[in-house]
Amino acid sequence: MSFDDEAPGRVLAPGQTCRIRIWRRADRSVTTVHESAARLYEAPNWTADGRLVLNADGVLWTMPADGTDPPEPVGITGVPPLNNDHVLDPDGVTVHVSANDFHIWSAPLAGGPATRVTADDGGMHFLHGVSPDGSELAYVRLDPSGEDVWSSGTIRVMGVDGTADRAVTTEPASADGPEWTPDGAWILFNTEQFEATPGHAQIARVRPDGTGIEQLTVDEHVNWFPHPAPTDDAAVYLSFPPGTEGHPADRRVRLRLVTGDGPVGDWGPEAWQAAETIVELDGGQGTLNVNGWAPDGSAFAFVDYPA
């Protein structure tokens, strides 16, 4: 498997714009806090002090969540260009990122030198989650030696220092997007292991020790990237049209909201099957790859890419 570790990332097509947007629970409104026809931003996180963290051009950017100032680059050094998998540490000062060398790195959110976390084990590593206590990272490992690299994903967990690496899923079907529930009891993710149709990902949950795996969504859409609210009372995920393979860009997609009784991790298929579509948009890849919920659960950030 070859790659270009100098690649700057995706760019906008002619006539396309990028909109960083906020959905608010109180009134179900959507507002645009930044729009660009020059730079393609992806995958917002929301910090405790009210900023959004995004990636573009292979680096991280930050801006006020209210849009009062435009995005500014974060000066992380010593790391290859970044992709759109970045997760905020509960300590509020560290960000964990995936880079184009297929490794996971940790760096100061304020900028500074990065430290590589993953070992040279022959795999490709894509970060998606950090445990609520900040001690472990959940990631997707791909095997570049296989015939179909992008269908080889398994969910794994390791310490934030790269030690104690272990498998959570072992099925040959592709899995992606692992993220802990706020109580730490479950990992939510998307997987193809329950479906015979290639690419037909559905949302599932599993205990961090690999037990108790259960399918949560069962429908004709292709469902990716489940993100629980920090308040443990809602979740949002990205839903692609039937027949989609992977999580491509520039599709007409839906954001779907799930609510239920008790903690998110306790919700079974009944709650997830009752998910409601709250936004339809032009996007997909880059729209909701990471958790963009506000710390108080009142809103979340996403990105769309209208032509």
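**Figure 1. Asp-250 is found in the loop that runs between β22 (235-240) and β23 (251-258).** In this predicted model, the phi angle of Asp-250 is near 60°, a positive value in a residue other than glycine. Most residues other than glycine have a negative phi. With a relative accessibility of 46%, Asp-250 counts as partly exposed, because that class lies between the limits of 20% for buried and 50% for exposed.

**Figure 2. Asp-57, in the loop between β4 (51-56) and β5 (59-64), is shown with its backbone.** Although Asp-57 is not a glycine, its phi is positive, at about 55°. The relative accessible area of Asp-57 is 33%, and the residue is therefore classed as partly exposed.

**Figure 3. The side chains of Arg-19 and Asp-304 meet in a salt bridge, one of the 13 that the structure holds.** The N to O distance in this pair is 2.7 Å. The bridge links distant parts of the chain, since Arg-19 belongs to strand β1 (residues 18-24) and Asp-304 to strand β25, with their positions 285 residues apart in the sequence. Asp-304 has a relative accessibility of 2% and so counts as buried, the limit for that class being under 20%. Through salt bridges that share partners, Arg-19, Arg-21 and Asp-304 are joined into one network.

**Figure 4. Arg-28 forms a salt bridge with Glu-276.** The closest N and O atoms of Arg-28 and Glu-276 are 3.2 Å apart. This pair, too, links distant parts of the chain: Arg-28 sits in the loop between β1 and β2 (29-36), whereas Glu-276 is in strand β24, and the two are 248 residues apart. Arg-28 has a relative accessible area of 42% and is partly exposed, and Glu-276, with a relative accessible area of 32%, is partly exposed as well.

**Figure 5. A salt bridge joins the side chains of Asp-165 and Arg-156.** The N to O distance between Asp-165 and Arg-156 is 2.6 Å. Asp-165 is partly exposed, its relative accessible area being 31%.

**Figure 6. Glu-136, placed in strand β14 (residues 136-142), is shown with its contacts.** The side chains of Glu-136 and Arg-166 are joined by a polar contact of 2.8 Å. When residues up to four places away in sequence are not counted, Glu-136 touches Gly-129, Val-130 and Ser-131, then Val-157, Met-158, Gly-159 and Val-160, and further along the chain Arg-166 and Trp-180.

**Figure 7. Asn-291 lies in the loop between β24 (276-283) and β25 (299-304).** The side chain of Asn-291 makes a polar contact of 2.5 Å with the side chain of Glu-179, and a polar atom of the Asn-291 side chain lies 2.9 Å from the backbone nitrogen of Trp-293. Apart from its neighbours within four places in sequence, Asn-291 is in contact with Pro-44, Asn-45 and Trp-46, with Glu-179, and with His-227 and Pro-228. Ala-301, which is ten residues from Asn-291 in sequence, is separated from Asn-291 by 8.5 Å, C-alpha to C-alpha.

**Figure 8. The second largest pocket holds about 700 Å³ of space.** The pocket is lined by 29 residues, of which Leu-88, Pro-90, Val-130, Pro-230 and Asn-291 are the closest to its centre. Two or more lining residues are given by each of the elements β3 (42-46), β8 (82-88), β13 (124-130) and β17 (175-180), and β13 gives the most, with three residues. Sorted by class, the lining has 16 nonpolar, nine polar and four charged residues. Two of the residues named in this legend appear in the preceding views: Asn-291, whose side chain has the polar contact with Glu-179, and Val-130, which is among the residues touched by Glu-136.

**Figure 9. Gly-122 is located in the loop between β12 (115-116) and β13.** Leaving aside neighbours within four places in sequence, Gly-122 is in contact with Arg-141 and Pro-144. The C-alpha atoms of Gly-122 and Ser-145 are separated by 8.6 Å, although the two residues are 23 residues apart along the chain.

How values were computed
Residues are numbered from 1 along each chain as its sequence is written. This is a predicted model: local features need pLDDT of at least 70, side-chain atom pairs count only at pLDDT 80 or more; totals for chains, interfaces and linings use all residues. Side-chain values use heavy atoms; hydrogens and water are left out. Helices (H or I, at least four residues) and strands (E, at least two) are DSSP runs, numbered from the N terminus. Contact means heavy atoms within 4.5 Å. A polar contact is a pair of N or O atoms within 3.5 Å; within protein, one must be able to donate a hydrogen and the other to accept it, and residues adjacent in sequence count only if both atoms are side-chain atoms. On a 1 Å grid over the protein atoms alone, a cavity is a set of points where a 1.4 Å probe fits but cannot get out, and a pocket is an open set with protein on both sides within 12 Å along at least five of seven lines; lining residues have an atom within 4 Å of a point. Grid points are joined across faces, edges and corners, and a volume is the space filled by probe spheres set on the points. Ala, Val, Leu, Ile, Met, Phe, Trp, Tyr, Cys and Pro count as nonpolar, Asp, Glu, Lys and Arg as charged, and the others, Gly among them, as polar. A salt bridge is a side-chain nitrogen of Lys or Arg within 4 Å of a carboxyl oxygen of Asp or Glu. Buried means under 20% relative accessible area, exposed over 50%, partly exposed in between (1.4 Å probe, protein chains only).
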